[in-house]
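Welcome! Let us take a walk through the inside of this protein and look at the empty spaces it encloses.

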Amino acid sequence: MKETLESLSKRLDLSKTTISRALSGKGEQYRINPDTVTKIIEEAQKCGYRPNFAAQMLRKKASYTIALVIPNIVNPFFANIAGVIIEEAKEKGYFINVMNTFENEDIEMESIENAYSHNMDGIILVPTGSNGKRLKAAYQPSVPLILIDRYFADTTLPYVSTNNYEGGYRATRLLLEAGHRNILCLAGESNSITTKERVRGYQDAMKEFGNEGNINVKGKDFSLMNGYIETQICLASDYQPTAIFSTSNTILLGAMKALKENKRHIPEQVSMVSFDDNIFLDYLEPAITRVIQPIQEIGIIAFDMIQDEIEKKVKANRQILLSPELIIRNSVRIL
């Protein structure tokens, strides 16, 4: 016979409300004795009890589902941040519906409308495009919306992101202080605020060192092919870089392939610094110096913001930029 809240209540001689609160992680909030909470959880696990989420949805008029709309699930950065949000949601009793926009604004609008039409409780979005006017027009205030990674400076929409300007500046300054002047910057998606801010950081660092004449920004998307093609073109030109600042680790891999084909060794002939982290970067030869985004913090803060707006009706109005970390490895040569 299938276990229900009613049968669990009779066996434990506790109210259904107490059991429900304990199983939803709200024991401390409602001052339920910790021993009682442990007893409830152990009995629920023992008898295989599962909450009836469909009944909860009808009763509370909530779906416990949040749309996570991202540009490219294949990109390691977006895959990692999706993993953080999914794990956080699971702990809080929510489901995450992942939607892939393929960097297409029309698909993004379709995904948002899909979230609305399926009565999802909220939307966590990595936006596409260069301005937020279309998104702002489609936004329904009754459904919480939090932007992550990318954002629009000309809107009041809440967001959690990395301070990409700081990361781009610090990465470039590291190369300049190591004696490099011909520093190629391989840029990502041209409409993305993350690309614009990383490039702005690169440019400002170059200007501060009196190296404005050597500014060289190439590329237009976060792909391996972009890194490969732009590096090949640069190596065949009069501008010969002694260092490359890659604005993503996917671009980095393409650039490394081009360098290898041209028999340019890292860091002996060309130094490398990349934006974004991944464990495989420590297993490359050499290990890559990089700017690490606080992915864990971005995912957790974004979920907490949207959960508070859903459950406590606390309007999210914060726009948060978190500082990145520069990790030194073996890919930069001091000239």
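Before we start, one term: a cavity is a set of grid points where a 1.4 Å probe fits but cannot get out. Keep in mind, too, that what you see is a predicted model.

With that in hand, how many cavities of 30 Å³ or more does the structure hold? There are 2 of them.

Let us begin with the largest cavity, which contains about 70 Å³ of space. Its lining is made up of Asn75, Phe77, Phe78, Asp149, Arg150, Thr194, Arg198, Phe222, Ser248 and Asp276. Helix H5 (76–91) and helix H9 (193–208) are the elements that give two or more residues to this lining. By class, the lining residues of the largest cavity comprise 4 charged, 3 polar and 3 nonpolar ones. You can also look at the lining by domain: domain 2 (60–162 + 295–323) and domain 3 (164–292) each supply at least three residues to the largest cavity.

Now move on to the second largest cavity, with about 30 Å³ of space. Around it you will find Pro127, Thr128, Gly129, Arg150, Tyr151, Phe152, Asn191, Ser192 and Ile193. Here the lining divides into 4 nonpolar, 4 polar and 1 charged residues. Arg150 is worth picking out in your viewer, as it appears in the lining of the largest cavity and in that of the second largest cavity.

Where does the second largest cavity lie with respect to the domains? Because domain 2 (60–162 + 295–323) and domain 3 (164–292) both give residues to its lining, the second largest cavity lies between them.

Notes. Residues are numbered from 1 along each chain as its sequence is written. This is a predicted model: local features need pLDDT of at least 70, side-chain atom pairs count only at pLDDT 80 or more; totals for chains, interfaces and linings use all residues. Side-chain values use heavy atoms; hydrogens and water are left out. On a 1 Å grid over the protein atoms alone, a cavity is a set of points where a 1.4 Å probe fits but cannot get out, and a pocket is an open set with protein on both sides within 12 Å along at least five of seven lines; lining residues have an atom within 4 Å of a point. Grid points are joined across faces, edges and corners, and a volume is the space filled by probe spheres set on the points. Helices (H or I, at least four residues) and strands (E, at least two) are DSSP runs, numbered from the N terminus. Ala, Val, Leu, Ile, Met, Phe, Trp, Tyr, Cys and Pro count as nonpolar, Asp, Glu, Lys and Arg as charged, and the others, Gly among them, as polar. Domain bounds come from an automatic or database domain assignment.
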